[in-house]
Amino acid sequence: MTLVHELSLAQAIADTTARYADGRPVSSVQVRIGYFRQVVPDSLQFAWELLTDDSVLAGAVLAVEHVPAVVACAGCGAHSQLDLPVLACGACGGTDVTMESGDEFMIEAIDVAEVA
Amino acid sequence: MGRFHTHTDGTVHTHHDDGHRHEHRDVGDHRGYTETGTVRVEVLEQLLSENDRVAAENRRTLRDAGVRSVNLMSSPGAGKTTLLRETLRRLGDGLRIGVVEGDIATSIDADRLVDFAHSVSLVNTSAGFGGECHLDAVMVRAGLQDLPLDDLDLVVIENVGNLVCPAEFDVGEDAKVMVFSVTEGEDKPLKYPVMFRSCELVLVNKVDLLPHLDFELDRFLDHLCAVNPAADVMLISARTGEGVDAWCDRLRRARG
């Protein structure tokens with residue numbers, strides 16, 4: 001089941017990439033994915049290779065930046081990185097926290113060959 | 001969400017995320033972006049932007065028809081279809097309810113509901129890529145097209161049983177509701193935080209089984225609260241009917 005999840009995401013990345021590449025060869029795709037998105041890195045890479053293998057995107061590197069989940073605490077002001085998906089301050093344990101990162105799900109840029 | 005930028009040679013352009021292609025391949029000098037030979041093209045699109053665009057369309061379609069909608073999600077076997085059948089039995093006289101039934105391959109669930117709902121539209125997700133484990137906005141759009149929206153008050157979208165994928169895909173619903181059964185284990189919110197965070201209401205089902213299980217309800221509720229402090233909780237048993245009337249009242253109030 002989980003791989004199918006990554007397949008859908010890889011397909012979405014491939015579709016968007018193809019749209020922006022506009023026919024030019026793509027060497028890499030930069031993606032930012034937050035910890036809270038529950039994407040399995042290896043599964044995503046596997047799905048990407050599976051999907052792009054026989055396509056115009058064959059060989060394009062999927063460069064994924066996995067962004068840690070960080071919360072800011074309204075109580076003590078600390079910024080802490082979460083190891084568990086529990087919305088609580090790592091310093092004081094307070095639960096009045098706001099997420100600063102970890103929700104990312106963004107295709108940032110693609111590198112394409114320059115067409116002379 | 002256009003992205004306006006200027007190149008060193010003074011040319012400017014805007015990137016769009018609405019199907020617009022990057023039309024300036026010969027315009028401007030991009031070499032400063034990366035090493036010579038490749039050009040970096042800014043995309044800055046949400047990964048599921050195409051899905052989200054169609055979801056917004058679905059939301060508009062439903063709103064224009066005056067129909068409220070609920071996206072019902074759970075793991076396989078948590079009791080979505082039984083709950084839905086009991087819900088339709090109770091509300092069927094007063095509320096005109098359409099169902100979009102997502103299933104990987106069969107019509108078994110849809111067949112169980114067809115006598116109780118105003119109308120049922122089956123979306124077999126195997127028509128998508130390799131048997132999708134969730135409904136996405138495009139599939140729901142197709143499902144909605146098969147329903148007489150002008151004759152309905154409420155649409156319930158019964159998602160494919162899965163705790164991972166459905167949470168990521170906005171389909172245009174007003175509310176995401178999760179059915180969680182006490183046979184599943186207290187730590188599920190920590191294992192599937194995306195799903196539990198996405199819901200405004202968690203229906204804790206099969207509570208009639210609690211005396212026979214080691215399931216600790218308080219521990220589950222603590223975990224749920226840790227992941228999604230804003231979630232409402234209702235204890236129900238679709239089998240005995242416990243709590244189902246309260247859930248139905250909530251649906252009635254949500255109408256219009």
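Student: Which residue is the bridge partner of A:Val70 in β4(A)?
Tutor: A:Gln81 is that partner. Keep in mind that this is a predicted model.

Student: What makes β3(A) and β4(A) count as a pair of strands?
Tutor: Two strands pair if DSSP finds at least two bridges between them. Three bridges link β3(A) and β4(A) in the antiparallel sense, so they pass that test.

Student: Which residue in the turn of their hairpin has a positive phi?
Tutor: A:Gly77, with a phi of about 85°. Five residues lie between β3(A) and β4(A) in this hairpin.

Student: And what joins β3(A) to β5(A)?
Tutor: Four bridges, with strand β3 (residues 70-73) of chain A and β5(A) running antiparallel. Set against the minimum of two bridges, this is a pairing as well. Residue by residue, A:Cys73 faces A:Val97, and A:Ala72 faces A:Thr98.

Student: Why are β4 and β5 of chain A said to stand at the edges?
Tutor: The three strands form an open antiparallel sheet in the order β4-β3-β5. β4 (79-81) and β5 (97-101) of chain A each have a single partner strand, so one side of each is left without a neighbour in the sheet. From one strand to the next, the twist averages 35°.

Student: Which side chains of β3(A) are buried?
Tutor: A:Val71 and A:Cys73, which point to one face. A:Val70 and A:Ala72 point to the other face and are not buried. The side chains alternate along the strand.

Student: How many helices and strands does chain A have altogether?
Tutor: Two helices and six strands, in the order α-β-α-β-β-β-β-β from the N terminus.

Student: How do you know whether chain A is compact or spread out?
Tutor: Compare its radius of gyration with the globule rule. The rule gives 13 Å for 116 residues, while chain A has 17 Å, so the chain is more spread out than a compact globule. Its C-alpha trace spans about 55 × 35 × 15 Å along the principal axes. Buried residues make up 40% of the chain. Of its contacts between residues at least 6 apart in sequence, 68% join residues at least 24 apart.

Student: On to chain B. What is the strand order of its seven-stranded open sheet?
Tutor: β6-β5-β7-β4-β8-β9-β10, with parallel pairing. β6 (119-124) and β10 (232-235) of chain B each have a single partner strand, so one side of each lacks a neighbour in the sheet. On average, neighbouring strands are turned by 20° against each other, direction ignored.

Student: What makes β4(B) and β8(B) a pair?
Tutor: Five bridges in the parallel sense, between residues 68-74 and 175-181. That satisfies the requirement of at least two bridges, so the two strands pair. Here B:Val70 stands opposite B:Ala175.

Student: Which helix lies across β4, β5, β7, β8 and β9 of chain B?
Tutor: Helix α2 (residues 80-91), running at about 165° to β7(B). Its buried residues include B:Leu83, B:Leu84, B:Leu88 and B:Leu91.

Student: How do you know whether the span of α2(B) agrees with its number of residues?
Tutor: At 1.5 Å a residue, its twelve residues should span 16 Å. The end C-alpha atoms are 16 Å apart, so the two values agree.

Student: Why is B:Val140 called buried?
Tutor: The cut-off is 20 or more other C-beta atoms within 10 Å. B:Val140 has 29 such neighbours, so it counts as buried. This residue is found in helix α4 (residues 137-145) of chain B. Beyond four places in sequence, it touches B:Asn58, B:Val100, B:Leu135, B:Ile157, B:Val171 and B:Gly172. B:Arg90, 50 residues away in sequence, is 25 Å away, C-alpha to C-alpha.

Student: How many residues does each chain give to the contact between A and B?
Tutor: Chain B gives 30 and chain A gives 37. On the chain B side, β3 (38-46), α6 (193-198) and α7 (217-227) give two or more residues each. The largest share, nine residues, comes from β3(B). That side divides into 16 nonpolar, seven polar and seven charged residues.

Student: What makes strand β6 of chain A and β3(B) a pair, given that they belong to two chains?
Tutor: The same kind of check: seven bridges join them in the antiparallel sense. The threshold is at least two bridges, so they pair. At one of these bridges, A:Ala113 is matched with B:Thr38.

Note on methods. Residues numbered from 1 in each chain as written. Chains lettered and ligands numbered in written order. Predicted model: local features only at pLDDT ≥ 70, side-chain atom pairs only at ≥ 80, totals over all residues. Rg over C-alpha atoms; globule rule 2.2 N^0.38 Å. Buried ≥ 20, exposed ≤ 12 C-beta atoms within 10 Å, placed from the backbone. Contact = placed C-beta atoms within 7 Å. Axes fitted to C-alpha atoms, helices over the stretch in contact; angles between N-to-C directions. Expected span 1.5 Å × (residues − 1). Nonpolar A, V, L, I, M, F, W, Y, C, P; charged D, E, K, R; others polar.
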